[in-house]
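Colleague: Could you take me closely through one helix of this model, with its surroundings and its links to the rest of the chain? I would like one connected account rather than a list.

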Amino acid sequence: MEIAIVVGLVIVFIVWRMMPAKGIQTISTDQLKGIVGDQDKIFVDVRTPAEYKGRNIRQFKNMPLGSDFSKLPKDKGIIVICQSGMRSSQACKQLKKLGYSNVTNVRGGMSAWRG
């Protein structure tokens with residue numbers, strides 16, 4: 001019985017961690033293709049510099065997870081990408097905590113990008 005409770009709590013925790021935070025939009029890489037040239041948006045890649053150097057989307061600025069995101073303008077939409085969507089989701093949550101209102105995570109990240 002106790003094992004079932006522990007397993008249930010672990011499952012709930014994992015599902016809770018994977019759910020997007022309130023106010024964070026999510027787009028697919030196909031949707032990203034339609035907005036990647038938008039001058040009213042800031043594009044941020046939160047992968048490591050080595051990952052970014054290996055393959056990147058030209059419009060994205062490399063700001064690895066843990067960077068000072070408070071320097072980004074608050075009056076523009078921010079699109080965040082990583083390798084799979086997990087680090088970018090964390091970065092989006094950090095941006096929301098810093099008071100950014102227009103934050104979007106790219107679902108699937110560079111692994112899903114076919115640009």
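Modeller: Just after helix α4, Gly99 takes a positive phi of about 100 degrees, and I start there with the reminder that the model is predicted. Helix α4 itself covers residues 86-97, and its 12 residues should span 16 Å at 1.5 Å a residue, which agrees with the 17 Å between its end C-alpha atoms. Within α4, the residues Ser88, Ser89, Ala91, Cys92 and Leu95 are buried. Seen down the axis of α4, these buried residues fall within an arc of 160 degrees, so they line one face of the helix. The cover over that face includes three strands, namely β1 (24-27), β4 (77-81) and β5 (103-106).

One of the buried residues, Leu95, can also be placed relative to a loop, since Asp68 and Leu95 are 27 residues apart in sequence, with their C-alpha atoms 9.9 Å apart in space. Asp68 is found in the loop between β3 (61-62) and β4, and with a relative accessibility of 41% Asp68 counts as partly exposed.

Another link from α4 runs through Arg87, whose side chain meets that of Glu51 in a salt bridge, at 2.9 Å from N to O. This pair links distant parts of the chain, with Glu51 in helix α3 (residues 49-54) and Arg87 in helix α4, 36 residues apart. Both partners fall between the limits of 20% and 50% that bound the partly exposed class: Glu51 has a relative accessibility of 26%, and Arg87 one of 24%.

The structure holds four salt bridges, and two others are useful to set beside the one from α4. Asp30 forms a salt bridge with Lys33, with 3.8 Å between the closest N and O atoms; here both residues lie in helix α2, three residues apart, about one turn of the helix. Asp30 counts as exposed at 57% relative accessibility, whereas Lys33 is partly exposed at 37%. Asp38 and Lys41 also join their side chains in a salt bridge, at 3.6 Å from N to O, where Asp38 is partly exposed with a relative accessible area of 28% and Lys41 is partly exposed with one of 24%.

Helix α2 (residues 29-35) also contains Thr29, which is buried, its relative accessible area being 8%. Leaving aside residues up to four places away in sequence, Thr29 touches Val106, Arg107, Gly109, Ala112 and Trp113. Of these contacts, Val106 belongs to β5 (103-106), one of the strands that cover the buried residues of α4.

To place α4 in the whole, the protein chain has five helices and five strands, which follow the pattern α-β-α-β-α-β-β-α-β-α along the sequence. Of its 115 residues, 32% count as buried, and among contacts with a separation of 6 or more, 66% are accounted for by residues 24 or more positions apart. The C-alpha trace spans about 55 × 30 × 25 Å along its principal axes, and the accessible surface comes to about 7,200 Å², with 59% of it belonging to carbon and sulfur atoms. Part of the surface is a nonpolar patch formed by Met1, Ile5 and Leu9, which together have about 390 Å² of accessible area; Ile5 lies in helix α1 (residues 2-18) and counts as partly exposed at 46% relative accessibility.

Notes: Residues numbered from 1 in each chain as written. Predicted model: local features only at pLDDT ≥ 70, side-chain atom pairs only at ≥ 80, totals over all residues. Heavy atoms only, no water. Patch = residues over 30% accessible without salt bridge, like charges linked within 9 Å, V, L, I, M, F, W, Y side chains within 5 Å. Areas by Shrake-Rupley, 256 points an atom, 1.4 Å probe, with all protein chains shown as cover. Helix = DSSP H or I, 4+ residues; strand = E, 2+ residues; numbered from the N terminus. Buried < 20%, exposed > 50% of the residue type's maximum accessible area, 1.4 Å probe, protein only. Expected span 1.5 Å × (residues − 1). Arc of directions from axis to C-beta. Contact = heavy atoms within 4.5 Å.
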